[in-house]
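Walk through this structure with me, one chain at a time. We will go from strand pairing to cores, then to single residues.

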Amino acid sequence: MKLINYRPLNQDIYSPFDRLHSLRDLFDSAFALASQESRLRPGTWNPALDIYENDSSLFVEVELPGMKKEDFDISLEDDVLTVSGQRSQENENRSGESFRSERVFGQFRRSFTLPVAVQAEAVKAAYQDGVLRIELPKAEEAKPRKIEVGIA
Amino acid sequence: MTQILHPTQRDGVPATQTAAQPRALHYSKPPVHLQQTADGYTLEVELPGITKSSLELTVEDGQLTILGHRSADDESPKTVRYWHQERGPGNFKRVFDLDPAIDASSISASIEQGLLTIRLPKAEAHQPRKIEVK
C-alpha cells in the first residue's frame, strides 16, 4: 500500500457520502482498528510530507504553515511514526466577508511504518518556517557499514 | 498499514541547481485566503519553507506578484535518498489583479511560520465615510 496524499480542492463541496463516512467511523471505533491511513473524512486534511535519508538519519518533513507547535503531536510506537494535530482558523481575523477560501483547516493525521530501524530516544523535531522537520537517527545496525576485505 | 517499499534512487530535490546551469524553476500555486473588510483586504498565503529573505512581493501596473524561492538545502543532493516525496520543489508564485480602490503605497506584509499575511488597505477616498449633518 502506498501513502495517500489527497488534497481536497474545496472543502465547501457537500458530499453525499458524509453519512457513510460516519458509519465507517462507527465500525472502526467498535472494532478498535488502528487507523494507519489518513481517511477522507470531512473536516480533515492531509499535509504534504517528504521522507528522505542520508547515511546517519532518516528525515521527515511535513508542510504545516501557519500553526503553533502546541497544535501538533508526534508519536513513535514500535516502528510506526504518527504526526497529527489540528489547525483552526484564527477567529479574531475573520470579521469580514471571505472572497476566496483555499486554505484547509481541521484535523490531520499522517502515519506510516518507518523504512529503517531508528534510535527512538534520539529523535528530534523542529518547526521552522511552517515546516515540521523530524530527524530520526538510524539504529547502528541500519547504518551502512564498511566491510574490510582481508587477505587470507 | 501503510508500507514504504524502497527508496527511489533519485538524488535530492529537483529544484536544486548548480551555478553553471540556468535556472529552470517550477513554481507551485500556493493556497490563499482572501478576505474583504470595510477598509481593505487581508490576504493569507501558505508558503511553507519560505523565509522573509527568500520572499519577493511586487506591485506593478495594478498587479500583485508573490514569489517565494526555496533556499538551497543544507543536504547536498548526492547524499540524500528519497523514500517518499509529496512536497513540490518548494518555489511558489501567485499573481493577483488588484482592486483599483487599493492604496498600493500602504500595502504591508509579514510572514510567520510559513504563513504570509498581506494587508491591502483601500485608499481613504474609497472608504465608507460618515457624513455629519449639522
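Two strands count as paired if DSSP finds at least two bridges between them. Keep that rule in mind for the sheet below. The model is predicted.

Begin with chain B. Its secondary structure comes to 0 helices and 9 strands. Along the sequence, chain B reads β-β-β-β-β-β-β-β-β. Four of its strands form an open sheet, in the order β1-β7-β5-β4. The pairing in this sheet is mixed. Its edges are β1 (27-28) and β4 (55-60) of chain B, each of which pairs on one side only.

Look at one of those edges in detail. Which sense does the pairing of β1(B) and β7(B) take, parallel or antiparallel? These two strands run in the parallel sense, joined over 2 bridges. One bridge can be placed by residue: B:Ser28 has B:Phe92 of β7(B) as its partner.

Stay close to β7 in the sequence. B:Glu86 sits in the loop between β6 (81-85) and β7 (91-97) of chain B. Why does B:Glu86 count as buried? Its relative accessible area is 16%, and buried means under 20%, so B:Glu86 falls in that class. The side chain of B:Glu86 also has a polar partner: it makes a polar contact with the side chain of B:His84, at 2.8 Å.

Now take chain B as a whole. Of its 134 residues, 40% are buried. Among contacts between residues at least 6 apart in sequence, 62% join residues at least 24 apart. Chain B exposes about 8,000 Å², and carbon and sulfur atoms supply 51% of that area.

Turn to chain A. It has 1 helix and 8 strands. The helix comes at the start of the pattern, which reads α-β-β-β-β-β-β-β-β. Chain A has 152 residues, and 38% of them count as buried. For contacts with a separation of 6 or more, residues 24 or more positions apart account for 61%. The exposed area of chain A is about 9,600 Å², with 51% supplied by carbon and sulfur atoms.

Next, the cores. In soluble globular proteins, nonpolar side chains tend to be buried together. The largest nonpolar core here has 22 residues. Which of its members touch the most others? They are A:Val60, A:Leu64, A:Leu132 and A:Leu136. Five strands of chain A each supply at least two residues of this core: β1 (49-53), β2 (57-63), β4 (80-87), β6 (106-113) and β8 (131-137). Apart from this core lies another, of 17 residues, among them B:Leu43, B:Ile50, B:Ile66 and B:Phe96.

Go back to A:Leu132 and trace its contacts beyond four places in sequence. They include A:Val60, A:Val62 and A:Leu64. A:Phe72, A:Ile74 and A:Val83 are also in contact with A:Leu132. So are A:Ala125, A:Ala126 and A:Tyr127. A:Glu61 is another of the contacts of A:Leu132.

End at a loop. A:Ala122 is found between β6 and β7 (124-128) of chain A. Why is A:Ala122 classed as partly exposed? Its relative accessible area is 27%, and the class runs between 20% and 50%, so A:Ala122 belongs there. Leaving aside neighbours within four places in sequence, A:Ala122 is in contact with A:Glu135 and A:Pro137. A:Lys138 is 16 residues from A:Ala122 in sequence, with 9.2 Å between their C-alpha atoms.

Conventions. Residues are numbered from 1 along each chain as its sequence is written. Chains are lettered from A and ligands numbered from 1 in the order in which they are written. This is a predicted model: local features need pLDDT of at least 70, side-chain atom pairs count only at pLDDT 80 or more; totals for chains, interfaces and linings use all residues. Side-chain values use heavy atoms; hydrogens and water are left out. Buried means under 20% relative accessible area, exposed over 50%, partly exposed in between (1.4 Å probe, protein chains only). A polar contact is a pair of N or O atoms within 3.5 Å; within protein, one must be able to donate a hydrogen and the other to accept it, and residues adjacent in sequence count only if both atoms are side-chain atoms. Contact means heavy atoms within 4.5 Å. Accessible areas come from the Shrake-Rupley method with a 1.4 Å probe; for residues, only the protein chains shown count as cover. A nonpolar core is a set of buried Ala, Val, Leu, Ile, Met, Phe, Trp, Tyr and Cys residues joined through side-chain atoms within 4.5 Å.
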